[in-house]
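Please open the model in a viewer and keep the selection tool at hand. The tour below proceeds by selections, each followed by a description of what is found there.

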Amino acid sequence: MGSTRSTSLSKKTGNKLHRQSLYVKQKRDREKEKRESRFRRKKEEDREPELRRERVARNQPATIDRKRVWDDVDDDGLGASVDMEQLLKKRRLQQEEAVEDGDDLEDEPEDVDSMLGSDNEEEDETDEEAAAKARAKQVMRDDSLAPSTTSTNLDLTPESLVAKFPSLFSDDGPAEPEVLVTTNLNSTLHDEARLLCTLFPHSTYIPRSAHKYGHKYSVREICKFAGNRGFSSVMILREDQKKPIGLDVIHLPSGPTFHFSITNWVEGKKLPGHGNPTNHYPELLLNNFKTPLGILTARLFQSLWPKTPELQGRQVVTLHNQRDYIFLRRHRYVFRDKRTTEKSVVGADGKELKGVESIRAGLQELGPRATLKLRRIDKGIGRAGSEGDDAVQWEWKAKMEKQRTRFNL
């Protein structure tokens, strides 16, 4: 009597054809089980929407941005990596607790003649004024239809930054700032400098030359020349191997100076489907600047564009900070009807916005695009024009990136 052969395929079969058919069968079974579990989960979530919210909250990807750590210090200096919104909220709560403790002490009975004046009344009035000022620091902003989760609130600027850089945070600045754009000596970046002039309204490009019969003007001489002619800022585009590698921005009349490195420079004409910019004042979006250093950088960028944009131009300039890299983009937007294959506009909470269910916004990039990274902040006009122990307000160092989850902006 011969041995009967099993019809089931073993996982360790030595037959190549049997292994192939076994693999195909196992793959189909896995896909079938996943599909059935997906439809089963969908039916359960349709009956109980809370299950879907719990699953979405539980399945958040663990990115480096979500793992970001903050310094546990009560410091608003440029070297501190603290969230200014949370820090001011913490200080406000501490001040309110201190005021409540003071009120409790005032409620205690004292053997004092009621007809006699008390010296504590004046102190109480000063404490109430201080508490009122502290509450006034809490900025009340009306929520828009689609509130952004990454927009920068410059009203959170700490008083230490205002005292250290009064000219940058002054409200007396020009409504239409003028920018002088120049380059290194004997630079070849004339086209790139003219592109910067199209990005910043009321900007003028003046090339620098090192001709043997010409005067080699220093940066401080250029800034003095620009300050006497009504310019509010000076930009110096640095190059290496005929490519832009850096951008120095000097706020007139006396600084500070910001040094940025440039990577991934792409002209507008090299972008697929690009558009041509117009002379309208663009809208400015500053995203994800949260620390004192980030707010200072955002304030510098805000001082380079006019305060009142021309909405009819439908142009927007975006400076998006992510992991200390600042992405510079310029787009033109247009509102159009929603296609049948597109989803409706949702807010920050993931819910559809009422009233704009059939509207979508289309974007066309105008260029140029670039990636900036802050390297150094000088107190005055450049390193040579800064004096004292605090000549260099902040400087990037390689050891700052040793901890991957800590960022400066």
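**First stop: Arg323 and its partner**

Select Arg323, which counts as partly exposed at 35% relative accessibility. The model is a predicted one. Arg323 is placed in the loop between strand 7 and strand 8. Its phi is near 55 degrees, a positive value in a residue other than glycine.

Now add Asp65 to the selection. The side chains of Asp65 and Arg323 meet in a salt bridge, with 3.3 Å from N to O. This pair links distant parts of the chain, 258 residues apart: Asp65 belongs to the loop between helix 2 (49–58) and helix 3 (84–106), while Arg323 belongs to the loop between strand 7 (315–322) and strand 8 (325–337). Asp65 also counts as partly exposed, at 34% relative accessibility.

**Further salt bridges**

How many salt bridges does the structure hold? The number is 17, and several more are visited here.

Select Asp76 and Arg91, whose side chains meet in a salt bridge of 3.5 Å, N to O. Asp76 lies in the loop between helix 2 and helix 3 and Arg91 lies in helix 3, so the salt bridge ties together parts that are 15 residues apart in sequence. Is Asp76 buried or exposed? Asp76 counts as buried because its relative accessibility is 15%, and buried means under 20%. Arg91, in turn, is partly exposed, with a relative accessible area of 23%.

Move next to Glu401 and Lys373. These residues form a salt bridge in which the closest N and O atoms are 2.3 Å apart. Here too the pair links distant parts of the chain: Glu401 is in the segment after strand 11 (392–395), Lys373 is in strand 10 (residues 369–378), and 28 residues separate them. Glu401 is partly exposed, with a relative accessible area of 39%, whereas Lys373 counts as buried at 4% relative accessibility.

To see a network, select Arg336, Arg339, Glu342 and Arg360 together. These four residues are linked by salt bridges.

**The nonpolar cores**

Hide the surface and turn to the interior. In soluble globular proteins, nonpolar side chains tend to be buried together. Which residues touch the most other members of the largest nonpolar core? They are Phe260, Leu296 and Phe301, in a core of 48 residues. Select helix 8 (residues 292–302) as well: with six residues, this helix gives the most to the core.

Another core, of 10 residues, lies apart from the largest one; for a view of this second core, select Leu180, Ile222, Ile236 and Ile250, which are among its members.

**Charges on the surface**

Restore the surface and select Lys32, Arg35, Arg38 and Arg41. What do these residues form? They gather in a patch of positive charge on the surface. Within this group, Arg35 is part of helix 1 (residues 16–47). Arg35 counts as partly exposed, its relative accessibility being 39%.

Continue to Asp191, in helix 6 (residues 190–199). Is Asp191 buried or exposed? Asp191 is exposed because its relative accessible area is 54%, and exposed means over 50%. Then select Glu267 together with Asp191: the two are 76 residues apart in sequence, and their C-alpha atoms are 9.6 Å apart in space.

**Details of the backbone**

The last selections concern the main chain. Where is Asn186 placed? Asn186 is in the loop between strand 1 (179–183) and helix 6. Although not a glycine, Asn186 has a positive phi of about 55 degrees. Arg323, the residue with which the tour began, has a positive phi as well, near 55 degrees.

Select Gly255 and Pro256 next. The peptide bond from Gly255 to Pro256 is cis, with omega near 10 degrees. Pro256 sits in the loop between strand 4 (243–251) and strand 5 (257–266).

Finish with Gly367 and Pro368. The peptide bond from Gly367 to Pro368 is likewise cis, with omega near -5 degrees. Pro368 belongs to the loop between strand 9 (359–365) and strand 10. From Pro368, the viewer may be returned to Lys373, which lies in strand 10.

Conventions. Residues are numbered from 1 along each chain as its sequence is written. This is a predicted model: local features need pLDDT of at least 70, side-chain atom pairs count only at pLDDT 80 or more; totals for chains, interfaces and linings use all residues. Side-chain values use heavy atoms; hydrogens and water are left out. Patches are made of residues with over 30% relative accessible area and no salt bridge: like charges are joined within 9 Å, nonpolar side chains (Val, Leu, Ile, Met, Phe, Trp, Tyr) within 5 Å. Accessible areas come from the Shrake-Rupley method with a 1.4 Å probe; for residues, only the protein chains shown count as cover. Lys and Arg count as positive and Asp and Glu as negative; His and the chain ends are not counted. The place of a charge is taken as NZ of Lys, CZ of Arg, CG of Asp or CD of Glu. Helices (H or I, at least four residues) and strands (E, at least two) are DSSP runs, numbered from the N terminus. Buried means under 20% relative accessible area, exposed over 50%, partly exposed in between (1.4 Å probe, protein chains only). A nonpolar core is a set of buried Ala, Val, Leu, Ile, Met, Phe, Trp, Tyr and Cys residues joined through side-chain atoms within 4.5 Å.
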